[in-house]
Amino acid sequence: MTTELVRPRVQRERGLSRSGSFWFIGGIYALFLMASTAPSPMYSLYQQRWGFTNTVLTEVFASYSVAILVALLLCGSLSDHIGRRPVLVGALVLEIAAVLVLALASGVGWLFAGRVLQGLATGAATSAISGALLDFQRPGSSQGSLVNGVAAALGMAGGSLLAGALVQFLPGPTVTTYLLLAAGFAAAIPVVLAMPEPVAQISPLREALRPRRPVVPAGQGGRFALMSTMVLASWTVGGMFMSLAPSVVKGMVHSYPNLISGLPVAVLAGLGGLTQLLLASWAAARAVRVGAVLMILALAGVAAAEVSADAAAFFAAAALLGIGWGLMFMGAFRMLTGLAAPHQRAGTAAMIYVVAYLSATVPSVTLGYISTLTDLSTATLVFTAAAALFAAIASLSTYRR
C-alpha cells in the first residue's frame, strides 16, 4: 500500500510584497523631496535671467509650501478613506506635470505655477506615504517613522546636490534635472499599482470625496501643541537653507558657484538623514535635547561665518547644524506620530506637516523681506537668533508633562 503525500498549494502573493512596498514607499518619498530641493541651486540663475529680488525668491519658495498646506488641509487624511494607492498615483501624475512646467519656465510666473503644482502633489503624497510606511512596517517597530525622516532628509540632500552638479556641468541646466525627475516619477506609477492596498475599509464615493482635513489625535491636543515646537525649530532651519542659503554661500565662493550653491542643503539634509539612521535607537526626548544643543551651537557658527565671510566655517557649522536638525526632527516625528490611533495615522502625519511647512514658510518669507530692506547678512543674523530661540523652547518642552 502506498501513501501519497499531498502538498498544500501555496498561493503566491501577487505584485509587490509588504516588505518591498515599505522600502519602495520610502524611495518614492525621497524622490518627491529630491524634486522639492532641485530648484534651490537654480534660483540664482533665475534671478540673473529675470532680475527679481530676494523677496520674490522667497515668495516662490513659499508658494510651494502654501500649496502643500492647501493639499494637506483639503485631503490630509483622504488616503485613510479611499486607499493609499489612488492618492499616490494621482500625486505622481500631478508631480510629472509640475516638473514639466518648471522645465519649460520662461518667466517668474512659470516658476510660481510649477511650484504650486509641485506643492499640491507633494502635499497629497506626504500623508499617504507617511500612513503607508506605518501600515507596512514590522509590527511593534518604529521603522516607519525612521524611514520617513531618513528618506525626507536624504531626498532633499540628493536633489540639491544632483541639481547643483547638473547645473554646473551639463548644458540646458534648468531643463535636464526636471526631465530626469519626470522620468523617475513616471517609472514609479506601475510599481505603486503593484503594491498591496493596506487600507482595509474603503469609504463610499460620496463620503470619500468630502474634504479630509489633518487631525490632532483625540484627547492629545495639549501634548501635540507642546511637541510641535520641536517641528517648528527644525523646519525653520530647513526653510531658510532651501531658500536663502544658496545665495549666502554663493557670495562667499567664486569657483564652481552653481555646484557650491547646492551644497548647503545637501550638507544639512544629508548629515541629518545619516544621523537619524545611525542614532535611530536613541529615545525621542534624548534626541530632541541633544539636537537642540547642537543646533544652538551651530547657528552661532553660521552667524560668525556670515560676518567673516568664511565659507569653510559656514559649511562646518552647516554640518553640525545638520546633525542637530536630524536629531530634532527624528525625535519630534516619533513623539507626535506615537499619539495617533491606526485610523488617524495619515491625518496626524498631515497635521505634523502643516506645522512643518508653516514653520518653513513664514520665517523664510520674513527673511526674504528683511534681506530686501537691508541686506542678506542682516537677514541671516536675524534667522540664526530666531532659530536658536525655537531650538531652546523645543528642548524645554520635553521636560513638561
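# Reading buried residues, cores and ring pairs

Modeller: We can start with two aromatic residues, tryptophan 235 and phenylalanine 329, which are both buried; please keep in mind throughout that the model is a predicted one.

Biologist: Before I follow those two residues, how much confidence does the prediction carry, and in which helices is confidence lowest and highest?

Modeller: For the protein as a whole, the mean pLDDT is 82, and 88% of the residues reach 70 or more. Helix by helix, the mean is lowest in H9, residues 205-208, at 54, and highest in H5, residues 84-103, at 94. Over residues 1-13 the pLDDT is below 50, and this stretch has two contacts in the model beyond near neighbours in sequence.

Biologist: What does the overall composition look like, in helices and strands, and how much of the protein is buried?

Modeller: There are 17 helices and zero strands, and buried residues account for 58% of the 401 residues. The exposed surface comes to about 16400 Å², of which carbon and sulfur atoms supply 67%. To judge how the chain is connected, take the contacts between residues at least 6 apart in sequence: 87% of them join residues at least 24 apart.

Biologist: How should I read a single helix, say H7, and how many of its residues are buried?

Modeller: One compares the end-to-end reach with the expected value, and then looks at the cover. Helix H7, residues 143-169, holds 27 residues and reaches 38 Å from its first C-alpha to its last, close to the 39 Å expected at 1.5 Å a residue. Helix H7 is mostly covered, with 20 of those 27 residues buried.

Biologist: Why does serine 160 count as buried, and which residues does it touch?

Modeller: Serine 160, which sits in helix H7, counts as buried because its relative accessible area is 0%, where the cut-off is under 20%. Setting aside residues up to four places away in sequence, serine 160 touches Thr37, Pro41, Gly262, Val265 and Ala266. Valine 150 belongs to H7 as well, and its relative accessibility of 8% also makes it buried. With the same sequence neighbours left out, valine 150 touches Gly273, Gln276 and Leu277, while its C-alpha is 9.8 Å from that of tyrosine 29, a residue 121 places away in sequence.

Biologist: Where is tyrosine 178 found, and what is it in contact with?

Modeller: Tyrosine 178 is in helix H8, residues 173-193, and is buried at a relative accessible area of 0%. Leaving aside neighbours within four places in sequence, its contacts are Pro39, Met42, Tyr46, Val99, Leu102 and Ala103. Of these, Pro39 is 139 residues away in sequence, yet the C-alpha atoms are 9.0 Å apart in space.

Biologist: What is the general idea behind a nonpolar core, and how many residues does the largest one have here?

Modeller: In soluble globular proteins, nonpolar side chains tend to be buried together. In this model the largest nonpolar core has 119 residues, and those with the most contacts inside it are Phe32, Ile129, Val237, Phe241, Met328 and Tyr353. Helix H15 gives the most to this core, with 13 residues. A second, separate core has five residues, including Trp282, Ala287, Leu294 and Met330. Returning to Tyr353, its contacts beyond four places in sequence include Tyr29, Leu69, Trp235, Phe329 and Phe333.

Biologist: How many aromatic pairs does a search of the whole structure find?

Modeller: A pair of aromatic rings is described by the distance of the centres and the angle of the planes. The search finds five aromatic pairs. In one of them, phenylalanine 22 and tryptophan 23 have ring centres 5.0 Å apart and planes at 85°, so the pair is edge-to-face. Phenylalanine 22 itself counts as buried, at 2% relative accessibility. For tryptophan 235 and phenylalanine 329 the centres are 5.8 Å apart and the planes at 65°, so this pair is edge-to-face too. This second example links distant parts of the chain, with tryptophan 235 in helix H10, residues 221-243, and phenylalanine 329 in helix H15, 94 residues apart.

Biologist: One last feature concerns the backbone: what is the phi of alanine 309, and where does this residue lie?

Modeller: Alanine 309 has a positive phi of about 55° although it is not a glycine. Its place is the loop between helix H14, residues 284-308, and helix H15, residues 311-337.

Terms used: Residues numbered from 1 in each chain as written. Predicted model: local features only at pLDDT ≥ 70, side-chain atom pairs only at ≥ 80, totals over all residues. Heavy atoms only, no water. Helix = DSSP H or I, 4+ residues; strand = E, 2+ residues; numbered from the N terminus. Expected span 1.5 Å × (residues − 1). Buried < 20%, exposed > 50% of the residue type's maximum accessible area, 1.4 Å probe, protein only. Contact = heavy atoms within 4.5 Å. Areas by Shrake-Rupley, 256 points an atom, 1.4 Å probe, with all protein chains shown as cover. pLDDT = per-residue confidence, 0-100. Core = buried A, V, L, I, M, F, W, Y, C linked by side-chain atoms within 4.5 Å. Phe/Tyr/Trp six-rings, centres within 6.5 Å; stacked < 30°, edge-to-face > 60°.
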